[in-house]
Amino acid sequence: MSAEITYLEAIREGLLEELRRDESVYCIGQDIRTYGGAFRVTAGCLDEFGRPRILDTPLSETAIVGACVGSALMGMRPVAEMQFADFVTNGFNMLVNFAAKVHYRWGPAVPMVVRLPSGGGTRGGPFHATNPEAWFARVPGLKVVCPATVRDAKGLIKAAVRDDNPVLYFEHKYLYRRLKDALGDDEVLTPIGEARVAREGRDVSLITYGSMVYYGQQAADELAAEEGIETEIVDLRTLVPLDQDAVLESVRKTSRVVVAHEDTKTGGFGGEISARIAELAFEHLDAPIRRVASRDTPVPHAPQLEDAFMPSVADLKRAILETAAY
């Protein structure tokens with residue numbers, strides 16, 4: 001039986017397998033070569049693949065993303081690391097006005113991945129703990145994935161590397177060393193654009209992704225034991241392309257919906273999910289759609305304030321209870 005690995009180690013395994021499989025794949029970022037990146041995801045990669053394929057860069061996210069676009073157009077498959085997802089703002093123009101649009105403008109594939117360590121719970125404060133996935137989910141030409149399990153951390157990084165489109169890969173820092181799983185010896189490859197039912201239920205649908213799948217499991221298990229409420233959890237895994245059919249199937253099954261994410265509520269991707277449910281499955285709803293999200297402020301640095309800022313297990317339980325009782 002294979003040994004358990006962490007969420008972080010699963011990302012590294014996926015990268016190593018793709019580097020071995022395809023010589024056009026290379027990694028690029030700040031301090032990823034000798035140090036192994038801010039979170040040590042690429043630790044050891046230099047020893048096996050050497051300098052041509054594990055590239056350190058200056059402190060310029062614009063240059064990193066620009067190098068990825070250029071090399072992708074020349075037939076390479078770059079995997080860039082942002083030290084923190086927050087810093088991708090410095091490469092925003094290259095991503096949304098160039099990487100996302102080149103194929104639509106004159107036809108070439110742009111096979112590149114940008115890894116984005118995101119999320120709170122690690123006392124990172126306002127510059128190291130955001131969840132900016134909604135900024136990019138509205139940009140045609142970009143794919144957005146948010147793995148919530150060890151298996152999908154590996155399966156989605158491999159799928160992202162093989163995709164011929166720019167893929168933003170949001171990896172949650174809080175999950176790095178908290179989640180463990182044994183994946184076995186078979187190849188793990190998660191299709192981009194397919195949600196999964198993480199927990200079967202009959203009473204309320206919890207539509208979510210990323211860290212909220214982790215918290216949602218705890219909330220659902222506690223509510224089942226305490227109140228007899230069975231919550232179905234749909235883990236989106238991919239925001240773009242969105243598996244709308246999986247969402248609507250669960251809504252039709254339970255007729256009650258809670259949408260949750262760690263991003264702030266205003267402008268968060270939960271608003272898009274809620275709108276689609278209201279538009280396409282309104283006649284199946286027996287209660288208003290409720291959203292659980294972070295407060296509309298920058299991420300606080302003080303631990304007690306960060307805990308109050310982020311959605312908690314208690315917040316999820318409360319929303320599910322209110323929806324079930326409506």
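Start at the meeting of the two domains in this predicted model: 29 residues of domain 1 are in contact with 26 residues of domain 2. To set up the selections, take 4-182 as domain 1 and 196-325 as domain 2. Put a centroid on the C-alpha atoms of each domain, and the two centres lie 26 Å apart.

Next, give the interface a surface. About 2,100 Å² is buried between domain 1 and domain 2, and carbon and sulfur atoms give 57% of that area.

Now switch on the side chains. How many salt bridges are there between domain 1 and domain 2? The count is four. For a salt bridge to look at, select aspartate 307 and arginine 123: their closest N and O atoms are 3.0 Å apart. The tally of residue pairs in polar contact between the two domains, both partners at pLDDT 80 or more, is 11.

Stay on the domain 1 side and colour helix H6 (133-137), strand E6 (143-145) and helix H7 (150-162); these are the elements that give two or more residues to the side touching domain 2. Colour that side by class and you get 14 nonpolar, 10 polar and five charged residues.

Last stop: helix H8, residues 211-227, where you'll find methionine 212. Is methionine 212 buried or exposed? It is buried, because its relative accessible area is 0%, and the cut-off for buried is under 20%. Show what surrounds it: leaving aside neighbours within four places in sequence, methionine 212 is in contact with Ala260, His261, Glu262, Pro311 and Leu316. Draw a C-alpha to C-alpha distance from methionine 212 to alanine 260 and it reads 6.6 Å, with their positions 48 residues apart in sequence.

Terms used. Residues are numbered from 1 along each chain as its sequence is written. This is a predicted model: local features need pLDDT of at least 70, side-chain atom pairs count only at pLDDT 80 or more; totals for chains, interfaces and linings use all residues. Side-chain values use heavy atoms; hydrogens and water are left out. Domain bounds come from an automatic or database domain assignment. Contact means heavy atoms within 4.5 Å. Buried area is the accessible area (1.4 Å probe) that two parts lose on being put together, summed over both. A salt bridge is a side-chain nitrogen of Lys or Arg within 4 Å of a carboxyl oxygen of Asp or Glu. A polar contact is a pair of N or O atoms within 3.5 Å; within protein, one must be able to donate a hydrogen and the other to accept it, and residues adjacent in sequence count only if both atoms are side-chain atoms. Helices (H or I, at least four residues) and strands (E, at least two) are DSSP runs, numbered from the N terminus. Ala, Val, Leu, Ile, Met, Phe, Trp, Tyr, Cys and Pro count as nonpolar, Asp, Glu, Lys and Arg as charged, and the others, Gly among them, as polar. Buried means under 20% relative accessible area, exposed over 50%, partly exposed in between (1.4 Å probe, protein chains only).
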